[in-house]
Amino acid sequence: MKKIQSPAKTFKNILIIQGVVIIYTFATVIAKFASEHEFLSFNFILLYALEIAVLGIYALLWQQVIKRFDLSVAYANRSLSLLWAMLWAVLIFSETITLQNIIGVIIVIIGTIIVNYNE
(Lines give C-alpha, C1' and ligand atoms only; values in the text may rest on other atoms or scores of the structure.)
Protein backbone atom coordinates (compact mmCIF):
# COMPACT_ATOMS: atom_id res chain seq x y z
CA MET A 1 0.00 0.00 0.00
CA LYS A 2 1.37 3.36 -1.02
CA LYS A 3 1.72 6.08 1.60
CA ILE A 4 -0.09 9.31 0.65
CA GLN A 5 2.03 12.44 1.02
CA SER A 6 0.80 15.86 2.03
CA PRO A 7 0.59 18.45 -0.76
CA ALA A 8 3.39 20.44 0.92
CA LYS A 9 5.73 17.42 0.91
CA THR A 10 4.83 16.62 -2.69
CA PHE A 11 5.53 20.23 -3.70
CA LYS A 12 8.86 20.14 -1.84
CA ASN A 13 9.82 16.93 -3.64
CA ILE A 14 9.00 18.45 -7.03
CA LEU A 15 11.09 21.51 -6.15
CA ILE A 16 14.03 19.26 -5.26
CA ILE A 17 13.79 17.42 -8.57
CA GLN A 18 13.41 20.67 -10.50
CA GLY A 19 16.46 22.12 -8.75
CA VAL A 20 18.51 19.19 -10.04
CA VAL A 21 16.99 19.59 -13.52
CA ILE A 22 17.88 23.30 -13.52
CA ILE A 23 21.49 22.39 -12.75
CA TYR A 24 21.38 20.02 -15.74
CA THR A 25 20.13 22.79 -18.04
CA PHE A 26 22.99 25.07 -17.01
CA ALA A 27 25.32 22.66 -18.81
CA THR A 28 23.62 23.52 -22.11
CA VAL A 29 23.93 27.24 -21.37
CA ILE A 30 27.65 26.84 -20.72
CA ALA A 31 28.03 24.81 -23.92
CA LYS A 32 26.37 27.59 -25.91
CA PHE A 33 28.78 30.14 -24.41
CA ALA A 34 31.69 27.82 -25.27
CA SER A 35 30.50 27.57 -28.88
CA GLU A 36 31.05 31.31 -29.24
CA HIS A 37 34.81 30.85 -28.78
CA GLU A 38 37.40 29.53 -31.17
CA PHE A 39 37.79 25.75 -31.01
CA LEU A 40 40.43 24.71 -28.43
CA SER A 41 41.07 28.28 -27.33
CA PHE A 42 41.64 28.85 -23.61
CA ASN A 43 38.06 30.12 -23.06
CA PHE A 44 36.62 27.23 -25.07
CA ILE A 45 38.48 24.64 -22.98
CA LEU A 46 37.67 26.45 -19.74
CA LEU A 47 33.95 26.57 -20.52
CA TYR A 48 33.82 22.94 -21.57
CA ALA A 49 35.66 21.95 -18.40
CA LEU A 50 33.01 23.89 -16.48
CA GLU A 51 30.29 22.11 -18.43
CA ILE A 52 31.78 18.73 -17.53
CA ALA A 53 31.95 19.79 -13.86
CA VAL A 54 28.29 20.85 -13.90
CA LEU A 55 27.32 17.55 -15.55
CA GLY A 56 29.31 15.68 -12.88
CA ILE A 57 27.48 17.51 -10.11
CA TYR A 58 24.19 16.83 -11.87
CA ALA A 59 25.02 13.10 -12.19
CA LEU A 60 25.71 12.82 -8.46
CA LEU A 61 22.52 14.69 -7.55
CA TRP A 62 20.44 12.75 -10.07
CA GLN A 63 21.57 9.47 -8.50
CA GLN A 64 20.21 10.74 -5.18
CA VAL A 65 16.94 11.77 -6.83
CA ILE A 66 16.32 8.38 -8.39
CA LYS A 67 17.11 6.67 -5.07
CA ARG A 68 14.47 8.73 -3.27
CA PHE A 69 11.67 9.08 -5.81
CA ASP A 70 9.71 6.80 -8.12
CA LEU A 71 11.54 6.59 -11.41
CA SER A 72 8.44 7.55 -13.39
CA VAL A 73 8.04 10.74 -11.34
CA ALA A 74 11.72 11.66 -11.57
CA TYR A 75 11.88 11.22 -15.35
CA ALA A 76 8.55 12.99 -15.92
CA ASN A 77 9.91 15.98 -14.00
CA ARG A 78 13.18 15.82 -15.92
CA SER A 79 11.22 16.46 -19.10
CA LEU A 80 10.63 19.98 -17.82
CA SER A 81 14.22 20.72 -18.79
CA LEU A 82 12.58 21.87 -22.05
CA LEU A 83 10.84 24.66 -20.15
CA TRP A 84 14.03 25.70 -18.36
CA ALA A 85 16.06 25.62 -21.58
CA MET A 86 13.49 27.80 -23.30
CA LEU A 87 13.51 30.21 -20.35
CA TRP A 88 17.32 30.47 -20.45
CA ALA A 89 17.21 31.00 -24.24
CA VAL A 90 14.96 34.02 -23.75
CA LEU A 91 16.53 35.46 -20.60
CA ILE A 92 20.21 34.85 -21.29
CA PHE A 93 20.51 34.73 -25.08
CA SER A 94 17.57 37.01 -26.03
CA GLU A 95 16.23 34.39 -28.42
CA THR A 96 12.63 34.33 -29.54
CA ILE A 97 10.29 31.45 -29.00
CA THR A 98 7.54 30.37 -31.34
CA LEU A 99 3.95 29.41 -30.69
CA GLN A 100 4.88 25.80 -31.48
CA ASN A 101 7.60 25.94 -28.80
CA ILE A 102 5.08 27.17 -26.24
CA ILE A 103 2.46 24.58 -27.22
CA GLY A 104 5.07 21.81 -27.00
CA VAL A 105 6.17 22.85 -23.52
CA ILE A 106 2.54 23.11 -22.37
CA ILE A 107 1.94 19.54 -23.55
CA VAL A 108 5.03 18.39 -21.63
CA ILE A 109 3.88 20.23 -18.49
CA ILE A 110 0.41 18.64 -18.73
CA GLY A 111 2.02 15.22 -19.07
CA THR A 112 4.21 15.89 -16.05
CA ILE A 113 1.19 16.96 -13.99
CA ILE A 114 -0.67 13.80 -14.99
CA VAL A 115 2.25 11.60 -13.93
CA ASN A 116 2.69 13.50 -10.64
CA TYR A 117 -1.04 13.67 -9.85
CA ASN A 118 -1.16 10.42 -7.90
CA GLU A 119 2.11 11.16 -6.14
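Angles between helices are named by size: under 35 degrees counts as roughly parallel, over 145 as roughly antiparallel, 65 to 115 as roughly perpendicular, and the rest as oblique. The structure discussed here is a predicted model, in which local features need pLDDT of at least 70 and side-chain atom pairs count only at pLDDT 80 or more, while totals for chains, interfaces and linings use all residues. Residues are numbered from 1 along each chain as its sequence is written, and side-chain values use heavy atoms, with hydrogens and water left out.

## Overall architecture

The protein chain contains five helices and zero strands, and its pattern along the sequence reads α-α-α-α-α. Here helices (H or I, at least four residues) and strands (E, at least two) are DSSP runs, numbered from the N terminus. Taken along the principal axes, the box filled by the C-alpha atoms is roughly 55 × 35 × 20 Å. Of the 119 residues in the protein chain, 29% are buried; buried means under 20% relative accessible area, exposed over 50%, and partly exposed in between (1.4 Å probe, protein chains only). Among contacts (heavy atoms within 4.5 Å) with a separation of 6 or more, 72% join residues 24 or more positions apart.

## Packing of α2 and α3

Helix α2 (residues 42–68) packs against helix α3 (residues 71–78) at an angle of about 140 degrees, with the axes 9 Å apart. The two helices are therefore oblique to each other. On the α2 side the contact is made by Y58, W62, V65 and I66, and on the α3 side by L71, A74, Y75 and R78. By class, this contact has seven nonpolar, no polar and one charged residues. The axes are lines fitted to C-alpha atoms, for helices over the stretch in contact, and angles run from 0 to 180 degrees between N-to-C directions. In the classes, Ala, Val, Leu, Ile, Met, Phe, Trp, Tyr, Cys and Pro count as nonpolar, Asp, Glu, Lys and Arg as charged, and the others, Gly among them, as polar.

V65 lies in helix α2 and is buried, with a relative accessible area of 3%. Leaving aside neighbours within four places in sequence, V65 is in contact with I17, V20 and A74. V65 and I17 are 48 residues apart along the chain, yet their C-alpha atoms are separated by 6.7 Å.

## The second largest pocket

The second largest pocket has a volume of about 160 Å³. Its lining consists of T10, I14, N77, L80, I109, T112, I113, N116 and Y117. Helices α1 (7–35) and α5 (99–117) each supply at least two of these residues, and the largest share, five residues, comes from α5. By class, the lining has five nonpolar, four polar and no charged residues. A pocket is an open set of points on a 1 Å grid over the protein atoms alone, where a 1.4 Å probe fits, with protein on both sides within 12 Å along at least five of seven lines; lining residues have an atom within 4 Å of a point. Grid points are joined across faces, edges and corners, and a volume is the space filled by probe spheres set on the points.

## Loop residues with positive phi

Two residues that are not glycines are listed below with their phi values and accessibility.

| Residue | Phi | Loop | Relative accessible area |
|---|---|---|---|
| L40 | about 65 degrees | between α1 and α2 | 55%, exposed |
| S94 | about 55 degrees | between α4 (81–91) and α5 | 61%, exposed |
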